[in-house]
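Work through the exercises below with the model open. Each task is followed by a stepwise solution.

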Amino acid sequence: MSELATGAPPATGESSLTLRGVVKSFRQGERSLEILRGAELDLKAGELVALVGPSGAGKSTLLHIAGLLERPDAGEVLVAGERADSLSDGRRTALRGARMGFVYQYHHLLPEFTALENLMVPQRIAGTGRRAAAERAAELLEAVGLKERMEHRPGRLSGGEQQRVAIARAIANRPRVLLADEPTGNLDPHTADGVFQMLTALVRRTGLAALVATHNHELAQRMDRVVALRDGRLVAQ
């Protein structure tokens, strides 16, 4: 499966995502609400890290900054060793498309497209030709156990199957980093376990680095390590 996810995988232990002193605040009426107060993280290739913390602690904000969707007020974000927080919007968008994959609690699949077509969309946006995009989409869907569901639209798939499609779509452009926000939060325990096992297998076999925000402490303890967001900082558990 390694060639499916990232092409030539990076060496295990190589830094894929680094946060240094990340600060972020938002205006709330007349006052400034500090969300992140110097968050630090070094995510290695082939590593699966759980991000935990109470609702409202700032987990989604941290994922958005790590994924180059928001800029920090201060601090640095490095993706595969490249400083990313100070890049232009266009360069950040290009880097995000090339290096980052995203999975959310709700799969956000395009309902009018088949599973195969949903995986082709990000590849076509990135400039991949139709035939090559279709071939890779088919390979990925087979890799996640959905060979017989390729031509099904999301409405004909179970919740677990939809999330498998979403994970396969997230790695379609061979990213280095996968950011997941409650990827099993909308699934029953049995289905969640199957999706988690598949995600773990991808990370182990490809050199993909994954940061997974979750409220499921049982799943968190099965990852390589757990970091908790407390008072705007990341603390090892």
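**Exercise 1.** At what angle do helix 4 and helix 6 pack, and how far apart are their axes?

*Solution.* This is a predicted model, in which local features need pLDDT of at least 70, side-chain atom pairs count only at pLDDT 80 or more, and totals for chains, interfaces and linings use all residues. Residues are numbered from 1 along each chain as its sequence is written, and side-chain values use heavy atoms, with hydrogens and water left out.

Step 1. Locate the helices, which are DSSP runs of H or I with at least four residues, numbered from the N terminus. Helix 4 covers residues 115-125 and helix 6 residues 159-170.

Step 2. Take the axes as lines fitted to C-alpha atoms over the stretch in contact, with angles running from 0 to 180 degrees between N-to-C directions. The angle is about 25° and the axes are 9 Å apart.

Step 3. Classify the angle: under 35 degrees is roughly parallel, over 145 roughly antiparallel, 65 to 115 roughly perpendicular, and the rest oblique. Helix 4 and helix 6 are therefore roughly parallel.

Step 4. List the contacts (heavy atoms within 4.5 Å). Ala115, Asn118, Leu119 and Pro122 of helix 4 meet Val165, Ala168 and Arg169 of helix 6.

**Exercise 2.** Which residues of helix 4 meet helix 5, and at what angle do the two axes cross?

*Solution.* Step 1. The axes of helix 4 and helix 5 cross at roughly 130° and come within 8 Å. That makes helix 4 oblique to helix 5.

Step 2. From helix 4, the residues are Ala115, Leu116, Leu119, Met120, Gln123 and Arg124. Their partners in helix 5 include Arg130, Ala137 and Leu141.

**Exercise 3.** Where is arginine 153 placed, and which residues does arginine 153 contact?

*Solution.* Step 1. Arginine 153 sits in the loop between helix 5 (130-143) and helix 6.

Step 2. Buried means under 20% relative accessible area, exposed over 50%, and partly exposed in between (1.4 Å probe, protein chains only). Arginine 153 has 47% relative accessibility, so it counts as partly exposed.

Step 3. Leaving aside neighbours within four places in sequence, arginine 153 contacts Pro111, Glu112, Phe113 and Thr114. Threonine 114 is 39 residues away in sequence, but 4.1 Å away in space, C-alpha to C-alpha.

**Exercise 4.** How many residues does the largest nonpolar core have?

*Solution.* Step 1. A nonpolar core is a set of buried Ala, Val, Leu, Ile, Met, Phe, Trp, Tyr and Cys residues joined through side-chain atoms within 4.5 Å. The largest has 42 residues, with Leu119, Leu141 and Val165 among those with the most contacts inside it.

Step 2. Helix 7 (residues 189-206) gives the most to this core, seven residues.

Conventions
Helices (H or I, at least four residues) and strands (E, at least two) are DSSP runs, numbered from the N terminus.
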